[in-house]
Amino acid sequence: MVKPYSLLIVWWCFLLDPPVTSTEQADYAELSSPPIEIHGLTGLKVEFSCTDPDKVVGVTLSVSTPLDKVGEYSRHFYCAWRCGSHQDAGRRMRRIRLNLSDDIGFRPSLFNPNATVVVAAKLFTWIIDEATWSKADTDDRRDIYKRALTRKAYIVRISAPYSRPHKRFPMSCVPWFWHHVQKNWHFTDLRTCPVEQQTVYLLRYPAVLSGLTYGISRDLKPYSDTLLETERRRAFLSPSFSVELWVYIIDYCPKAHLNQAQACAIFVHITWLGYHMTPALLVDTEGKMQVEVQGPEIYTAHKTAQSLPRNQWVRILLTLKHREWSLQWSYGKHHNLTNSAFMTYDLDIAYDDTDGQFILGGVDPALGSFRGYLGQVKLYRGRALTLDELSLPDPDHPMFQLQLSEKEASCQRFLSWMSNTMSYYAHKAVLRKQKYVCPYSYKWVVIGKASDVRLTSCPQRMEHTQWDHRHVARLMRPLARLDQQLTVHDKIHFAQVLMKVVTDSVKLRGLENMHKNLPLLNQATCLGSTDAMFTLAVFLNNGLGTTVQETESTVFLMLGTLNQHRLSTLALGHRHMMGIDGVPYDCSAAYMYYKFVGDTTRDDRETHKEEEVATEMVRLIDEVAMEQQTDENGDLFLWLKHQAQKGVQSAQLQMGHLLFWGSQGVRRNLQAAREMFQQGAEQGDPNSIYNLGLMEFHGKAGTEKNETAGHEKIKTAAEKGLPHAVGALGWIALEKERNYSKAAAYFEESYNTGHMDAGYYLGHMYQYGIYPNKSQDL
């Protein structure tokens with residue numbers, strides 16, 4: 001039965017832009033940059049591709065109101081159009097606008113008296129064949145998306161009533177006074193307070209934690225409402241809150257050695273100076289959780305007796321109510337298995353959710369995270385809840401769409417096949433050496449005479465090897481004949497061979513046989529190849545050899561990120577930064593991924609091996625930079641070498657830099673660089689003295705690390721007026737001596753002479769409140 005108010009709802013589509021095409025050749029319909037929150041003026045961009053121009057593409061919105069039963073969606077809105085023929089039958093884009101009904105889409109007012117609160121909402125994109133569409137009547141078409149084979153769901157939320165835009169004037173010509181009328185209290189119901197979110201989503205889309213000291217930071221703002229904020233402040237020493245976290249743990253604590261607690265972070269509340277506050281949730285190497293709380297007279301931590309399960313989604317609920325905390329977690333296929341722990345104290349516990357920041361994952365620099373994934377994270381402000389009071393997330397939630405357990409099981413089946421095949425080949429090789437022939441040849445098996453003569457010493461017959469597995473089977477045979485066991489090195493070698501097969505196939509045949517390369521990339525992924533993970537993500541995202549699968553593409557980027565693959569991490573950060581390919585915009589998550597890429601790239605630059613050539617970015621139109629590219633036999637290098645031998649300080653310094661960094665096409669040679677800096681230092685060049693001091697301070701170029709001698713040389717260069725050397729003395733005072741007064745003085749002196757790095761460190765000292773005689777100043 002259709003509800004009366006459903007008849008008033010209108011769903012209107014507008015074609016705003018012409019189609020945008022790509023090279024896709026498959027049924028495909030997804031939202032580009034899907035919204036998190038929608039209202040009456042929200043616009044959507046739908047990317048679609050059809051194999052038949054008569055097929056119907058559509059977008060459906062289903063909502064659940066307080067009048068509906070839990071989990072039921074009673075209202076359905078849809079917009080549909082025929083795919084249509086196009087000169088380029090690739091992926092196309094269509095923009096539509098949601099003209100929601102007034103009670104759902106717009107703010108309550110005199111002109112819109114009835115407002116409906118929406119509890120939950122879903123957006124669907126779908127494609128259905130023309131025959132099914134034609135047979136359905138108008139009412140059936142509201143639910144026709146359920147019969148679509150090509151369909152994708154997006155969980156969204158409808159704006160709260162007083163967060164929605166004002167209703168538009170019903171006619172196209174808007175009178176000048178309309179906007180003023182909308183805001184006038186005589187016409188608009190202002191007897192309401194602003195919406196205050198007591199349930200805060202700290203994380204909506206799954207994040208990857210590779211076990212390092214990287215995490216996602218969130219901070220909360222005070223309530224706008226005076227009464228709510230007053231109540232929150234009064235509860236500092238008698239707090240109530242709950243945190244719901246979904247975690248998928250692969251390795252409990254790979255970086256346990258970084259801290260004395262031998263534990264890794266799941267969820268930590270810290271001050272801006274990096275000190276822990278209430279609460280901190282950690283996990284040790286055995287999978288036991290540790291809860292830390294503190295108050296005016298208390299700072300304590302306690303562990304659970306049970307361990308968290310691995311390789312599955314686990315829901316954790318941490319609740320604090322006054323002086324007692326409780327920890328509950330559920331797991332299993334239907335999350336019907338539970339465990340719990342609790343602790344009560346005699347002293348007050350302090351908690352201020354607007355002080356500092358919440359960190360999801362690792363805390364830089366000394367607290368790593370577990371290795372795995374974080375799913376949905378919710379913070380319930382001012383509410384102490386239990387698991388029974390919370391419902392499970394929607395089955396269409398992204399963390400369930402990733403199908404992590406299924407992918408792990410698929411790889412386990414492949415690795416099990418490898419192990420069985422290896423044993424079969426090894427047993428067969430032993431019998432061959434003994435000149436023993438098993439009596440169940442193929443001919444005998446076919447005619448049915450092998451059943452009564454099969455010997456127990458013969459290897460169990462293997463099932464027919466799949467065509468996609470032939471490359472791995474061919475690689476295992478020689479190892480089995482030598483009676484060798486598969487090692488990690490062997491698996492890496494197999495993955496490299498599979499990658500080479502794919503690469504050669506693309507070089508020879510182009511994109512014609514891409515569907516044959518996908519299984520090989522999947523096998524290489526199971527063998528641990530991060531390059532295969534990234535390549536497979538690119539293929540799936542662009543529909544090479546298959547349909548476009550943005551979610552699957554993101555999964556393989558996550559796998560690469562989990563294994564610290566730089567390109568995968570960079571691509572995942574880019575998706576979060578731009579809000580593309582089905583990944584929502586999240587600047588903090590993007591920062592976490594970008595920071596890993598930046599740190600590892602910096603470390604590579606500082607620690608790359610001897611005789612390597614540094615990778616540099618040089619614009620081809622930059623004639624000056626192009627002319628400076630050389631090598632050991634180039635004219636520029638030979639000229640600099642000649643000048644340096646004659647004692648020209650500038651040439652000695654430039655030669656030293658070229659050889660130290662391996663830049664401008666010159667191979668790195670630290671020993672030769674040290675000799676050049678030594679020659680310049682003997683002539684009193686402050687830059688050469690400074691560089692020589694740095695090499696001794698850090699123990700470069702085969703010399704023993706000597707911080708005292710290096711410090712003296714840096715100090716000598718600083719006395720000669722070199723700003724970089726003065727800044728280096730500030731860094732030594734800050735990081736090594738912990739003398740903040742001396743560090744501040746050096747940084748001020750260096751900054752005043754134009755050294756920008758010193759300005760960075762001054763900002764660092766102000767941010768963390770360690771500048772002498774000055775309070776923290778962000």
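This tour goes through the structure stop by stop, saying what to select and what is found there.

The model is a predicted one, in which local features need pLDDT of at least 70 and side-chain atom pairs count only at pLDDT 80 or more, while totals for chains, interfaces and linings use all residues. Residues are numbered from 1 along each chain as its sequence is written, and side-chain values use heavy atoms, with hydrogens and water left out.

**The whole chain**

Begin with the protein chain as a whole, whose secondary structure comes to 23 helices and 21 strands; helices (H or I, at least four residues) and strands (E, at least two) are DSSP runs, numbered from the N terminus. Of its 778 residues, 45% are buried, where buried means under 20% relative accessible area, exposed means over 50%, and partly exposed lies in between, with a 1.4 Å probe and protein chains only.

**A sheet of three strands**

Next select residues 28-31, 43-49 and 92-97, which are strands E1, E3 and E6. These three strands form an open sheet in the order E1-E3-E6, with antiparallel pairing; two strands pair if DSSP finds at least two bridges between them. Strands E1 and E6 stand at the edges, each with a single partner strand, so one side of each is left without a neighbour in the sheet. Four bridges join E1 to E3, and the bridge partner of Leu31 in E3 is Val46.

**Strand E11 and its partner**

Move on to residues 215-218, strand E11, along which the side chains alternate: Ile216 and Arg218 point to one face and are buried, whereas Gly215 and Ser217 point to the other and are not. Strand E20 (residues 357-361) pairs with E11 in the antiparallel sense over four bridges, and within E20 the bridge partner of Ile216 is Leu360.

**Aromatic rings**

The structure holds 13 aromatic pairs, and rings of Phe, Tyr and Trp (its six-membered ring) pair if their centres lie within 6.5 Å, with planes under 30 degrees apart counted as stacked, over 60 as edge-to-face and the rest as tilted. Select Tyr248 and Tyr373, an edge-to-face pair with 5.9 Å centre to centre and 70° between the planes. Tyr248 lies in strand E12 (residues 240-251) and Tyr373 in strand E21 (residues 371-381), so the pair ties together parts that are 125 residues apart in sequence. Both Tyr248 and Tyr373 are buried, and adding Trp313 to the selection shows a cluster linked by ring pairs.

Another edge-to-face pair is that of Phe697 and Trp731, at 6.5 Å centre to centre and 75° between the planes. Here Phe697 belongs to helix H19 (residues 686-698) and Trp731 to helix H21 (residues 723-736), so this pair ties together parts that are 34 residues apart in sequence. Phe697 counts as buried because its relative accessibility is 4%, while Trp731, at 27%, counts as partly exposed.

**Charges over rings**

Now select Arg204, whose charged end sits over the ring of Tyr201, 3.8 Å from its centre; a charge sits over a ring if NZ of Lys or CZ of Arg is within 6 Å of the ring centre and within 35 degrees of the ring normal. Arg381 likewise lies over the face of Tyr223, at 4.3 Å from the ring centre.

**Backbone details**

Continue to Pro279 in strand E14 (residues 276-284), where the peptide bond from Thr278 to Pro279 is cis, with omega near -5°. The last selection is Asn773, in the segment after helix H23 (756-767), where phi is near 65°, a positive value in a residue other than glycine. At 85% relative accessibility, Asn773 counts as exposed.
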